[in-house]
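Student: Please take a close look at one part of this model for me, beginning with a single residue and working outwards from there. I would like one connected explanation that I can follow while looking at the structure.

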Amino acid sequence: MATVAVIGLGGMGSRMAGRLLDAGHDLVVWNRTPQRASNLVARGAVAADSPAEAARRAGFVITMLSGPAALQEVVEGPQGIAAGATASTTLAEMSTVGPPAVRRLAAMLPDGVGLLDAPVLGSVSEAESGSLRIFVGGPEQLAQQWMPLLGALGSPVHVGPLGAGAAAKLVANSTLFGVLAVLGEALALADGLGLPRDTAFKVLAATPVGPQADRRRPAIESDEFPLRFALSLARKDADLVVAAAKSASVELPVAAAARQWIVAAQQAGLGDRDYSAVLAHITGTARSA
């Protein structure tokens, strides 16, 4: 058992912290809004006054934050993680922030601090059940040292050196956004050509997007998209995918087009809904054209 600090107690971080408590680890928590720590404290966690204090009190520190700016805020400065971390600390950055943010993080930490980038694939239900897919980047020996602990959160796999985890997460997310855009456009095309929606779903069942069409159909037909992953956060991730491709001189017109649908849905006021609500936006736009 280890003393673990979890910094960032949103929908994902709070559930991951709960899993670690259930696994028997001593837990230190910090969140910008302290009230979010109350349930975990009632279960035995200790609330730190700052990210620096959380890092000083734990051997393994997890960050689960909204993006690169939030990561920079909690790492840097006199009260940041870097101020409290020592050579006996390992930091696992588990947010979706992209490789440049991981490189900046590595440069900010004191010498000797272990660093893994280990973003997750999955949402709140997977975080709660401990079935996340975890892409771990960093030194092989360090990654293997912490695999048992990460196993309480899901299925970790070492994907390469530092930064590889962040890269793997962007690759995975690029497929999520692309599939939603293709599905939405297919339904919009069916509407435009006069195919009844039931017929459209029967047709899509025979295509590569069939499983997604079947999974998303109840939400599409009810216009109720249970919140698992906010569209505003999907916008941030889509921006990271497109920026990473540009940095790597890789042409990704499909990813760019999928991002545009997410941007348009956010601008239409859907940012607080689940990211799959982009389907409602795409089909609604087609019907009103």
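Tutor: Let us begin with Ala-256, which has a relative accessible area of 32% and therefore counts as partly exposed, since that class lies between the limit of under 20% for buried and over 50% for exposed. Please keep in mind throughout that this is a predicted model. Ala-256 belongs to helix H13, and its C-alpha atom is separated by 9.7 Å from that of Ala-245, a residue 11 positions away along the chain.

Helix H13 covers residues 253–270, and it is one of the elements, together with H9 and H12, that each supply at least two residues to the lining of the largest cavity. This cavity has a volume of about 40 Å³, and the count of cavities of 30 Å³ or more comes to 1. If you want to find the cavity in the structure, look for Ser-174, Phe-177, Ala-238, Val-241, Val-242, Ala-255, Ala-258 and Arg-259, which line it. Sorted by class, that lining is made up of 6 nonpolar residues, 1 polar residue and 1 charged residue.

Now follow the chain back from helix H13 into the loop that joins H12 to H13, where you will find Ser-249. Ser-249 has a relative accessibility of 67%, so it counts as exposed. Its backbone is worth a look as well, for Ser-249 is not a glycine and yet has a positive phi of about 55°. Most residues other than glycine have a negative phi.

A further step back brings us to the loop between H11 and H12, which holds Asp-223. Asp-223 is also a residue other than glycine with a positive phi, near 55°. Its relative accessible area is 39%, so Asp-223 is classed as partly exposed.

Phe-229 sits in the loop between H11 and H12 too. With a relative accessible area of 19%, Phe-229 falls under the 20% limit and is therefore buried. Leaving aside residues up to four places away in sequence, Phe-229 touches Ser-123, Phe-177, Ala-234, Asp-237, Arg-273, Asp-274 and Tyr-275. One name there should be familiar, because Phe-177, a contact of Phe-229, is also among the residues that line the largest cavity. To see how far the chain travels from this point, compare Phe-229 with Ser-247: they are 18 residues apart in sequence, and their C-alpha atoms are 26 Å apart in space.

Phe-229 also leads us to the largest pocket, which has a volume of about 1,300 Å³. The pocket is lined by 49 residues, and the closest of them to its centre are Met-12, Ser-123, Arg-228, Phe-229 and Leu-233. Several elements give two or more residues to this lining, including helix H1 (11–22), helix H7 (124–129), helix H11 (210–222) and helix H12 (231–247). The largest share, 6 residues, comes from H9, a helix that also supplies at least two residues to the lining of the cavity described above. By class, the pocket lining consists of 22 nonpolar, 15 polar and 12 charged residues.

For a contrast with Phe-229, turn to Asp-26 in strand E2, which runs over residues 26–30. Asp-26 has a relative accessible area of 52%, so it is exposed. Beyond residues up to four places away in sequence, its contacts are Ala-2, Thr-3 and Val-4. Asp-26 and Gly-44 are also 18 residues apart along the chain, but here the C-alpha atoms are separated by 8.1 Å.

Finally, we can set these pieces within the whole protein, which has 14 helices and 9 strands. Its radius of gyration is 20 Å, close to the 19 Å that the globule rule gives for 289 residues, so the protein is as compact as a globular protein of that length. Along the principal axes, its C-alpha trace spans about 65 × 45 × 30 Å. Buried residues such as Phe-229 make up 51% of the 289 residues. Of the contacts with a separation of 6 or more, 64% are between residues 24 or more positions apart. The accessible surface of the protein comes to about 13,200 Å², with 56% of it belonging to carbon and sulfur atoms.

Terms used
Residues numbered from 1 in each chain as written. Predicted model: local features only at pLDDT ≥ 70, side-chain atom pairs only at ≥ 80, totals over all residues. Heavy atoms only, no water. 1 Å grid on protein atoms, 1.4 Å probe; cavity = no way out; pocket = protein on both sides within 12 Å on 5 of 7 lines; lining within 4 Å. Points joined across faces, edges and corners; volume = space filled by probe spheres on them. Helix = DSSP H or I, 4+ residues; strand = E, 2+ residues; numbered from the N terminus. Nonpolar A, V, L, I, M, F, W, Y, C, P; charged D, E, K, R; others polar. Rg over C-alpha atoms; globule rule 2.2 N^0.38 Å. Buried < 20%, exposed > 50% of the residue type's maximum accessible area, 1.4 Å probe, protein only. Contact = heavy atoms within 4.5 Å. Areas by Shrake-Rupley, 256 points an atom, 1.4 Å probe, with all protein chains shown as cover.
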